[in-house]
Amino acid sequence: MAVCQVPQAIRILRTRDTSSISLTMQVILTAGILFWFVSGIILSVRDFWEGVPMWLSNGFCLISCLYILIMCIYNKIK
């Protein structure tokens, strides 16, 4: 899951076109990834190494999801 949004983010970075992306779906996906990221952080509070794979992989995916979401909102406003 950590790299699933990277090709889409690269395409948006190159073309600046987000017309084919559903804003609702991107909001739901980003919220889900955010919840998994927070869950990994909570697990890390108890035992650091138990939550590292969760927050590391979901943090990486969250960056690309947030970029896509921001670009979708920016293009809808513009």
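The protein exposes about 5300 Å², of which carbon and sulfur atoms supply 73%; accessible areas come from the Shrake-Rupley method with a 1.4 Å probe, and for residues only the protein chains shown count as cover. This is a predicted model, in which local features need pLDDT of at least 70 and side-chain atom pairs count only at pLDDT 80 or more, while totals for chains, interfaces and linings use all residues. Residues are numbered from 1 along each chain as its sequence is written, and side-chain values use heavy atoms, with hydrogens and water left out.

**Exercise 1.** Work out which pattern the protein follows along the sequence, and place Ile33 in it.

*Solution.* Begin with the secondary structure, which comes to three helices and zero strands, where helices (H or I, at least four residues) and strands (E, at least two) are DSSP runs numbered from the N terminus. Read along the sequence, this gives the pattern α-α-α. Next, find Ile33, which belongs to helix H2, covering residues 23-46. Ile33 is buried at a relative accessible area of 4%, since buried means under 20% relative accessible area, exposed over 50%, and partly exposed in between (1.4 Å probe, protein chains only). Finally, compare positions: Ile33 and Ile63 are 30 residues apart along the chain, and their C-alpha atoms are separated by 9.8 Å.

**Exercise 2.** Find the salt bridges in the structure and state how accessible each partner is.

*Solution.* Apply the cut-off first: a salt bridge is a side-chain nitrogen of Lys or Arg within 4 Å of a carboxyl oxygen of Asp or Glu. The structure holds two of them. One joins the side chains of Arg11 and Asp17 at 3.8 Å, N to O; Arg11 is partly exposed at 35% relative accessibility, and Asp17 is partly exposed at 29%. Another joins the side chains of Arg46 and Glu50 at 3.5 Å, N to O; here Arg46 is exposed at 64%, whereas Glu50 is partly exposed at 40%.

**Exercise 3.** Explain why the sulfur of Cys65 forms no bond with that of Cys61.

*Solution.* A disulfide is a pair of cysteine sulfur atoms within 2.5 Å. The closest cysteine sulfur to that of Cys65 is in Cys61, and because the separation is 4.0 Å, it is too far for a bond. Cys72 is in no disulfide either, as its nearest cysteine sulfur, that of Cys65, is 11 Å away. The structure therefore holds zero disulfides. As a last step, check accessibility: Cys65 is buried at 0%, and Cys72 is buried at 1%.
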